[in-house]
Amino acid sequence: MSSTAGLILTCKAAVAWEAGKPLIIQDVEVAPPKTMEVRIKIKYTSLCRTDLYFWESKTPLFPRIFGHEAAGVVESLGEGVSDLEVGDHVLPVFTGECGDCRHCRSDVSNMCDLLRINSVRGVMLADGQSRFSINGEPVNHFLGTSTFSEYTVVHSGCVAKINPLAPLDKVCILSCGVSTGLGATLNVAKPERGSSVAVFGLGAVGLAAAEGARIAGASRIIGVDRSSKRFEEAKKFGVTDFVNTSEHDRPIQEV
């Protein structure tokens, strides 16, 4: 058992107090995990466009701790958690799996009835309360992950255990960007070996989608983007041809 299990921890977090206003690095209190929850020490977190989108939006859920693409180490466990241990290296994920609902039992969907993405919920499922506070006042969660904090509490179904040898500063992006693009190709589009694939946008998600097409055996992977600077890097992910949309006046699908 962790020496800090059951204690309220004080740590630094980047707190958003208003839409579009700079985040403030300040002390927050992080309560212990409750039933089926895990408290994680976040080692690395990356920035996703989704964080920016909701930070810019006029959502009423402020103050809030954003962040959902991260890697860390399990610090303590709530009651009922049996598939994780203190010290496990993990990735928090915003679309979790309860393992029991119709979606979790399906081969074609992962939109869990209990743990599917929910951008308007700022509290935990166990009791409808936040695990974050500042001077006794609650701070809202984000997507059930809130990784812009040195410690966070998530539902155990939103935690993926990983190989402890994996470098956390690299694999943090697997918890969103890479899995989104790779999964879109391998699990949804499912290109056949020898087929041609077009990938629109060569950011993190697009590059992962291209890598998925390469793994699937696509013979031609066409990268489409507005910036030619991205083309050279994209070759490392299997892209064979490039189309810069700004260089054409025809609809790009005709090109």
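Does S46 count as buried or exposed, and at what relative accessibility? The model is a predicted one. In it, S46 has 19% relative accessibility and therefore counts as buried. The cut-off for buried is under 20%.

S46 belongs to strand β3. Its side chain reaches the side chain of E69 in a polar contact of 2.7 Å. Beyond residues up to four places away in sequence, S46 touches D51, E69, F148, C172 and I173. E69 thus appears twice for S46: in the polar contact and in the list of touching residues.

Now widen the view to the strand itself. β3 covers residues 37-46, and β4 covers residues 69-77. The two strands run antiparallel and are joined by 8 bridges. One position to look at is R39, which stands opposite S76 in β4.

Both strands sit in an open sheet of 5 strands. Read across, the order is β8-β3-β4-β5-β9, and the pairing is antiparallel. The edges are formed by β8 (151-155) and β9 (159-161), each of which pairs on one side only. From one strand to the next, the twist averages 45°. As background, the strands of a sheet pair through backbone hydrogen bonds, either parallel or antiparallel.

Another antiparallel pair comes earlier in the sequence. Strand β1 (residues 9-15) is joined to strand β2 (residues 24-30) by 7 bridges. L9 has V30 as its bridge partner in β2. β1 is mostly covered, with 5 of its 7 residues buried.

Next, the loop between β5 (89-92) and β6 (132-134). I117 is placed there. I117 has 38% relative accessibility, so it counts as partly exposed. Which residues does I117 contact, leaving aside neighbours within four places in sequence? They are F94, T95, M111 and L143. C11 offers a reference point in β1's part of the chain: I117 and C11 are 106 residues apart in sequence. In space, their C-alpha atoms are 26 Å apart.

Empty space is the next topic. Rolling a probe the size of a water molecule over the atoms shows where such space is left. How many cavities of 30 Å³ or more does a search of the whole structure find? The search finds 1. The largest cavity has a volume of about 150 Å³. Its lining is made of 13 residues, and L115, R121, L125, G144 and H155 are the closest to its centre.

Then there is the open kind of space. The largest pocket has a volume of about 720 Å³. It is lined by 24 residues. Those that lie nearest its centre are T95, N110, S179, G183 and N187. Two elements give two or more residues to this lining: β9 and α3 (177-189). Of these, α3 gives the most, with 6 residues. The edge strand β9 of the 5-stranded sheet is thus also part of the pocket lining. T95 links two parts of the picture: it is a contact of I117 and lies among the residues nearest the pocket centre.

Further along the chain comes a sheet with parallel pairing. This one is open and has 3 strands, in the order β10-β11-β12. Its edge strands are β10 (196-200) and β12 (241-244), and each pairs on one side only. The twist averages 20° from one strand to the next. Compare this with the antiparallel sheet of 5 strands, where the average is 45°.

Within the parallel sheet, β10 pairs with strand β11 (residues 220-225) over 5 bridges. S196 has R220 as its bridge partner in β11. Helix α4 (residues 204-216) packs on this sheet and touches β10 and β11. The direction of α4 makes about 170° with that of β10.

The tour ends with I252, in the segment after β12. At 21% relative accessibility, I252 counts as partly exposed. The reason is the cut-off: buried means under 20%, exposed means over 50%, and partly exposed lies in between. Leaving aside neighbours within four places in sequence, I252 is in contact with F200, V224, V243 and T245. I252 and F237 are 15 residues apart in sequence, and their C-alpha atoms are 22 Å apart in space.

Technical notes:
Residues are numbered from 1 along each chain as its sequence is written. This is a predicted model: local features need pLDDT of at least 70, side-chain atom pairs count only at pLDDT 80 or more; totals for chains, interfaces and linings use all residues. Side-chain values use heavy atoms; hydrogens and water are left out. Two strands pair if DSSP finds at least two bridges between them. Helices (H or I, at least four residues) and strands (E, at least two) are DSSP runs, numbered from the N terminus. Axes are lines fitted to C-alpha atoms, for helices over the stretch in contact, and angles run from 0 to 180 degrees between N-to-C directions. Buried means under 20% relative accessible area, exposed over 50%, partly exposed in between (1.4 Å probe, protein chains only). A polar contact is a pair of N or O atoms within 3.5 Å; within protein, one must be able to donate a hydrogen and the other to accept it, and residues adjacent in sequence count only if both atoms are side-chain atoms. Contact means heavy atoms within 4.5 Å. On a 1 Å grid over the protein atoms alone, a cavity is a set of points where a 1.4 Å probe fits but cannot get out, and a pocket is an open set with protein on both sides within 12 Å along at least five of seven lines; lining residues have an atom within 4 Å of a point. Grid points are joined across faces, edges and corners, and a volume is the space filled by probe spheres set on the points.
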